[in-house]
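Here's a quick briefing for anyone opening this structure without any background. Have a look at the model below, then read on.

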Amino acid sequence: MSTETKPKAELYKRVDRIQSLVRDQFAFLRQDRLAFAGVLVVGAFVFTGVFGPLLAPHDPIEYTVRDQAGSILRLSGPTGAAVLGTTAYGKDVLSQFLAGARPTLIVGLFGGLGTGAIGFLVGLVSGYYGGWVDEVLMRLTDLTFSLPFMPMALLLLTFVTPNIWLMTAIIAGFLWKMPARVVRSEVLSVRERTFVKSARASGASDFRTMFYHVGPNVLPIGFLYTAYGVAWAIAAQASLAFLGFGDPTMTSWGRMLRQVFESGNMRIAWWWVFPPAIGIAAVTTSVFLIGRAYEEVINPEIQTDQ
Amino acid sequence: MTQFQRFLAKRLAISVLLTLVAVSVIFVVLRLLPGSPFEALVTSGNLNQQQINEIRSMYGLNQPLWQQYVSYMGSILTFEFGYSILRSQPVWSVLEPRLVNTLILLVPALVTTAVLSSSLGMYVGWNRGSFLEKFSIISTTFLRSTPVFITGIFFIIVFAYNLELVPAFGMRSVTASPEGYAETFLSVDFAYHYVLPFTVAVLYYSGDFLLLARNGVVEKRGSEFLKLHRAKGLSEMQQLARAGRNSMLPILTYFALRLGMIFQGLILLEVVFGWPGIGRELVLAIQQQDYPLVQAAVFIMALAVIIANLAADVLYAYFDPTVSTNGSGSA
Amino acid sequence: MSLLEVEDLKVTYTTDDESVHAVNDVSFSIDEGINYGLAGESGSGKSTVAEALLGLLPGNGTVERGTIQFDGKDLTSLSEAERRDVLWEDIAYIPQSAMDSLDPVMSTGAQITQAIHNHRNVSDAKARNRVRELFEIVGLDPDRIDDYPHEFSGGMRQRVTIAMALALEPDLIIADEPTTGLDVIVQDKIIDKILEIQERMDSSLLLITHEIGVIAETCDELSILYGGKVMEQGSVDNVLVNPTNPYTMGLKNSFPEIEDGDADPVAIPGSPPNLNREPTACVFEDRCPFATDECGESHPDLVDLPNRNHRSACHNVEEAAQMRRDAKAPETWDIPDSDADGSDRGEVVLETDGLEKYYEQSQSLVSQFRGEDPDYVKAVDGVSLSVRRSEVLGVAGESGCGKSTLGETIALLEDPTGGEMVFDGEPFEYYQDGNLQEFRRKVQIIFQDPFDSLNPRQTVRKLVGEPLTIHDYRTDERERAIVETLEKVGLTPAEKFLDQYPHELSGGQRQRVAVAKALVLDPDFLICDEPASMLDVSLKVNLLNLLRGLADAEDIGIVYISHDLASLVQVSDRLAIMYLGRIIEEGDVGRIATQPKHPYTTSLLAAAPEKDPTADRTRVLLDGEPPDPVDLPSGCAFAPRCPKAEESCWEAEPGLDEAGDADHRAACYVPDDESESPASKGTAGDGGFETPVDADSLSD
């Protein structure tokens, strides 16, 4: 856009702005202790997702824990050989837990981003143009609302061998309706604001008005729903895996839970249940808590006097 | 024609159209994706080619696709769901009891949670900043963001396995063989099995209602009209009642939408608790590739959502005296 | 004995990181049966005082000290329950914004009966009867008590709140800006109603407003608040006729008045004080031209002036008479005298002929099949006007008269549905046909709301620079163009503002940025749609002077749209009065202000309050409100409300040439001041069918 002759200065300024932005966000989150705890949990989760497989003491699937005698150690509680115990098949729970974070992270992150991005764009375009564009896009969201997510996802996954990217696509393909509706209604009110009219009056094109004037003012809501999208995507991925429609080649937390459940060992093997269950619950709850902290700020209606 | 009737007619037309499109999508997904429903039977060696052909023609699968489509549309829209491939029973007689089981679990749960958590939400919204507000928000955030099967697993481990208060699985004891709905649902044995999934469902639904009610009341608290109510000398409770009344509409509409989703069941909840509802049946049917059952179940689910959507729109237009029914602001 | 006695009231708000000292040691007392005015600009703490009296302060506001004696009781020490008993029974409240003050999901009648039931043990039927009675008193149809608030217009809703305040015949009514946001004619009627009722009921009234004109006309005593302090206090006649405080003088002088259209109002430069700290100096010190060293040391006490009901807080109160004289001159306030009057008007830059903007109403499928013509809302209905360079054309009218739509249609933000418009020698079709960018560069529009007209996520540099980017204009010297323009609109030093976001600017500064954004492209034509309506009076005057100066210096043609006749008279060369989409009178400002021809113009002019309490004004109270612009009566649109309507008015619509001469035209068969009008045509008889230019051709 801009043909500035001082790209360097501009770049410094931008870096500066981003730095202060990050600092502001951090300072803001520090104030809300819950949200801050959420940040720590999510931070730990991302770390595990990235480095977990490297940190895992054993291969989660190939390696079988054996006792001194060499026989397979099945359903053993936490011991020195397996810090978090073993599964019914003699696999190391800790290794599975560490390795299982990655697919959860990938689907959560990209599913959430996809949900947010598609929803934001659809909402923006639909709300800004109105008329038949709006009508078509909104009926499309109605359609995705009426088709039940879980059964449709299961159907699609029976025909195609599941892998995490496909799951990410399916999840984003169904969840974008949520941000789309909210962003649209937000756009509808921003569109009526004077500065948008003023932009049109000064000759700004639709594209420019939409992305420079309307877009930035609904971006916070878009971010918020991206965060929620991450939580939804993680929950959806875990649910699909729990039903046995996960990527069969990868250990994920949902798949771990399915294995305990299927093998009928839930009653005894608490060490096998709790790591993945608490992991999923902690991450989804944390993401929501962070989102809520922002919602209190973004939603002008509920940010009245404290 | 009044404006309201016109609005109603438009919404109806849209709903009918949506139903047609949704049904077509289901058809496309089921027929165009690779894999045949009889592969499982063939590979298991139970049928020879002759029998397969007979069955294929029985289900009309040997006709060209468009004819299949037409007859499919015709039958599904007249609620003729055909025969379940694997259960060899009419689809409806398989689905009906499952649907009833789901509704008996979830409708009371939804109503309970709508009443309880909305009231609680209004109360904590009014007493903003209280400990109760923080606590209820954190706990419901946890309950609504955590996948329902994980909450279910926690509850089973605590209440069924460790405290051994209630059974963990199923809708009634293996030995029980009741006749008819009344006998099934009015027994102590059923109540035993009912408590845990019911509680988890109530808690799972609670978050949205609580936040909706709370945000509504918080928003109304700062409003000008409440200031006037306060100036008139209304007591705290009377003011809260007005703030609550003014936040009812979103809650009502949300309730209608949720009610529509109930027909999908809480699939994961039903699976974890072994509840013989429609969601669990659908998962089984998908795993076994029982087409007629799947398409009927998905159709019922979609239809319920579309009808609930319609109901929510109409509720909104009907009950909000200020909303204009022609979509945009009044001219 | 006084009914209400406020002593040393101090209210602070605490926010996250600072506390705001909104009201500082305010004392005043109201006697029984007295109308008391509390005047001040926004941020003066006047509404906070009302909230403190009623116990309605928001959660973060606290009464730090002071007492509020009402009828012998100290309101600040009452328990919640005791206070609830006093509220409404003894003190009723008319809120600021009737638009949002009524419960939207409760019928208006029920909201009033609720107040009655809460304090009196009466039967439902009795309470309903009382509501019917009240509706009658305030001039509403008693059969409408079961209607919901949204079924009433703004003025009618304010009547509902008045009816509610009267329900229990309280001793004191607190009215917080009861007429803000209402049209001048409606405002006049509401004020009239409040006075009439309050006289009958013999209660006291505390009227809070920023319009000293309203107080001058209605109140016996007043306090002038500034920065949470009482600056001057006493009987209205004393304070407003002979102010002794520089702030009062400045406030009074900055109110434009219709009569003295030639004398520019004098604005107080600067902006209201920051109340984050408790005031140590005189709160007005930094804006006061008479400030001395003493003023910087302490805020003056409110001292009694000898022998009069008059108190003033000023260290220099002895020199009041001298200050009064000086305060009238702009130089005193360091304002350059911009009286470049009589500038030459240039050639015509914009001309419209019968311009129309109709909105089609949605209609049912059935009537579409029947081929019925849809109904139209005739927002702009045959407007013909012309604007020259260096000329300011004022367009006046009540809300809903179509004046904003006219502005947007001229700016081609709305497509005209009929008529002609020529700008800079080319018809509007030429611009719509692919030359819109050229038009957008030459014609700029400034909108009403300074808080909403700037994108909150852009800095001033981006805001002002964006038009340059869009039109690729002076892009090689962007920064210079931006700085130049900012300085032109008085934002100096411009560099200080470049990196600020709108929320960091005050209302007046924002509106200046909006003006800069319009001027940066060196336009030929400017449309101003109520640019000053949300600004405090001193800022408003600043903006008016700025626009006037621009028209003179930059050769720009300006259309200034407003409901505020007084400002229009100040800023315009010519005036057009609009009613229901039509221009009903047009001409030289001076002539319209002094000798209006159309009865509607007469009532508009008469409805504006006078700031001089000694002036006597005759009210012309019009019946009803403007009708729905869908089903207009045939004939003159104003006839149903017109006090002078005759047979002929109902038959055919008068054209704008019906009365007056080329410099002053009016669409009326029976114009006022007929005898003084030189080019009178005499009363147009029944043969008045001279195919008016802007006749409503679609009204069959």
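In this predicted model, the buried residues of helix α6(A) pack against α3 (93-129), α4 (131-146), α5 (149-159), α7 (177-191) and α9 (206-242) of chain A. That helix is a handy place to start, and after it come the two contacts made by chain B and a word on confidence.

**Helix α6 of chain A**
- The buried residues of α6(A) are I164(A), M167(A), T168(A), I170(A), I171(A), A172(A), F174(A) and L175(A).
- At the start of α6(A), N163(A) puts a side-chain oxygen within 2.9 Å of the backbone nitrogen of W165(A).
- How far apart are the end C-alpha atoms of α6(A)? They sit 16 Å apart, and this agrees with expectation because 12 residues (164-175) at 1.5 Å a residue should span 16 Å.

**Where chain A meets chain B**
- This contact draws 47 residues from chain A and 51 residues from chain B.
- Together the two chains bury about 4500 Å², and carbon and sulfur atoms account for 75% of that.
- On the chain A side, F159(A), M266(A) and R292(A) lose the most area to chain B, together making up 14% of what that side buries.
- The rule turns up zero salt bridges across this interface, along with two residue pairs in polar contact, both residues at pLDDT 80 or more.
- Helices α4, α5, α9, α10 (253-263) and α11 (270-298) of chain A each chip in at least two residues to the side touching chain B, and α11(A) gives the most, with 12 residues.

**Where chain C meets chain B**
- Here 29 residues come from chain C and 22 residues from chain B.
- The buried area is about 2400 Å², 57% of it on carbon and sulfur atoms.
- In chain C, L56(C), R84(C) and V105(C) lose the most area to chain B, together 22% of what that side buries.
- The rule finds two salt bridges across this interface; R242(B) and D103(C) meet through their side chains in a salt bridge, at 2.9 Å from N to O.
- There are also 10 residue pairs in polar contact, both residues at pLDDT 80 or more.
- Elements giving two or more residues to the chain C side are α3 (98-101), α4 (108-119) and α6 (154-166) of chain C, and the largest share, five residues, comes from α4(C).

**How confident is the model in chain B?**
- Chain B has a mean pLDDT of 80, with 86% of its residues at 70 or more.
- Within chain B, confidence is lowest in helix α2 (residues 39-43), at a mean of 56, and highest in helix α5 (residues 91-126), at 89.
- Over residues 324-331 of chain B, pLDDT stays under 50.

Conventions. Residues are numbered from 1 along each chain as its sequence is written. Chains are lettered from A and ligands numbered from 1 in the order in which they are written. Side-chain values use heavy atoms; hydrogens and water are left out. pLDDT is the predictor's confidence in each residue, from 0 to 100. Helices (H or I, at least four residues) and strands (E, at least two) are DSSP runs, numbered from the N terminus. Contact means heavy atoms within 4.5 Å. The expected span of a helix is 1.5 Å times one less than its number of residues. Buried means under 20% relative accessible area, exposed over 50%, partly exposed in between (1.4 Å probe, protein chains only). A polar contact is a pair of N or O atoms within 3.5 Å; within protein, one must be able to donate a hydrogen and the other to accept it, and residues adjacent in sequence count only if both atoms are side-chain atoms. Buried area is the accessible area (1.4 Å probe) that two parts lose on being put together, summed over both. A salt bridge is a side-chain nitrogen of Lys or Arg within 4 Å of a carboxyl oxygen of Asp or Glu.
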